[in-house]
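User: Please take a close look at one part of this model, a single residue and the sheet around it. I should like a connected account of its surroundings.

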Amino acid sequence: LKAGQGLLAGLYGASLGGSLWTATHHPKNNSNSNSNSATFDALANTVSSRDRIPIIYGTRKWGGFLTWHDVYDSKKQIQKDIIWCEGEISGISDVRANDIVMSSISSASYTFKPGSIADEHPDNYLTVGSYRRCAWSRFHFTANDLVSGNPTVTAVVKGKLITDTRTNSYAYSENCSMCVRDYLLSKRYGAGHFISTSEL
């Protein structure tokens with residue numbers, strides 16, 4: 001069990017290695033009203049091509065990877081697509097922009113896809129490619145006194161759904177042994193091309 005915990009800790013560390021987490025300041029004005037001077041940055045918050053989509057087991061606060069950034073309406077509106085991690089995951093909660101809870105920003109909204117096989121391609125598929133089998137969200141913001149520039153988006157990610165051999169269920173789990181087993185057997189993101197169930 002200690003060896004399994006050590007390997008899982010290593011997987012956690014690897015998944016967090018490319019985090020986009022950055023420190024942001026809290027705005028002084030807490031009004032939700034639109035501001036004539038507030039706009040969004042069109043070219044900020046780029047992502048390195050070397051970043052790898054993480055696998056998240058258990059629950060982690062995470063910033064995700066920006067895959068689409070579109071500023072329009074005289075820089076008053078912004079759309080951001082964020083890939084959280086490898087899917088299929090249980091869900092996300094405590095979603096924030098610049099550390100402000102999304103539900104408190106009246107001009108902001110988002111949708112969430114857990115990364116299941118049944119998830120549809122994004123409508124900008126021909127431009128950005130598919131997000132199939134990845135958990136992702138699309139955010140819309142209107143520039144105001146709460147959010148402007150290029151808001152950093154974070155969420156608490158409740159991670160991978162895995163097969164639990166003890167109950168024969170496919171569900172969220174924080175069991176170290178089951179999480180390591182999922183990673184070792186996956187042919188998509190793990191070592192499944194080299195390891196079979198008979199070897200575990």
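**Ser137 and its sheet**

Analyst: In this predicted model, Ser137 touches the following residues, apart from neighbours within four places in sequence: Lys80, Asp81, Ile82, Trp84, Ile92, Tyr110, Thr111 and Phe112. With one of these residues, Trp84, Ser137 also makes a polar contact from side chain to side chain, at 2.8 Å. Ser137 counts as buried because its relative accessible area is 0%, and the cut-off for that class is under 20%.

The residue lies in strand S7, which covers residues 134-142. S7 belongs to an open sheet of four strands, arranged in the order S2-S3-S7-S6 with antiparallel pairing. The edges of the sheet are S2 and S6 (109-113), each of which pairs on one side only. From one strand to the next, the twist averages 10 degrees. In general, the strands of a sheet are paired through backbone hydrogen bonds, in either a parallel or an antiparallel manner.

Elsewhere in the sheet, seven bridges join strand S2 (residues 65-72) to strand S3 (residues 77-86) in the antiparallel sense. Two positions illustrate this pairing: Asp70 is placed opposite Gln79 of S3, and Tyr72 has Gln77 in S3 as its bridge partner. S2 and S3 together form a hairpin, with four residues between the two strands. Within the turn, Asp73 adopts a positive phi of about 55 degrees.

Technical notes
Residues numbered from 1 in each chain as written. Predicted model: local features only at pLDDT ≥ 70, side-chain atom pairs only at ≥ 80, totals over all residues. Heavy atoms only, no water. Buried < 20%, exposed > 50% of the residue type's maximum accessible area, 1.4 Å probe, protein only. Polar contact = N/O pair within 3.5 Å; in protein donor to acceptor, adjacent residues only side chain to side chain. Contact = heavy atoms within 4.5 Å. Pairing = 2+ DSSP bridges. Axes fitted to C-alpha atoms, helices over the stretch in contact; angles between N-to-C directions.
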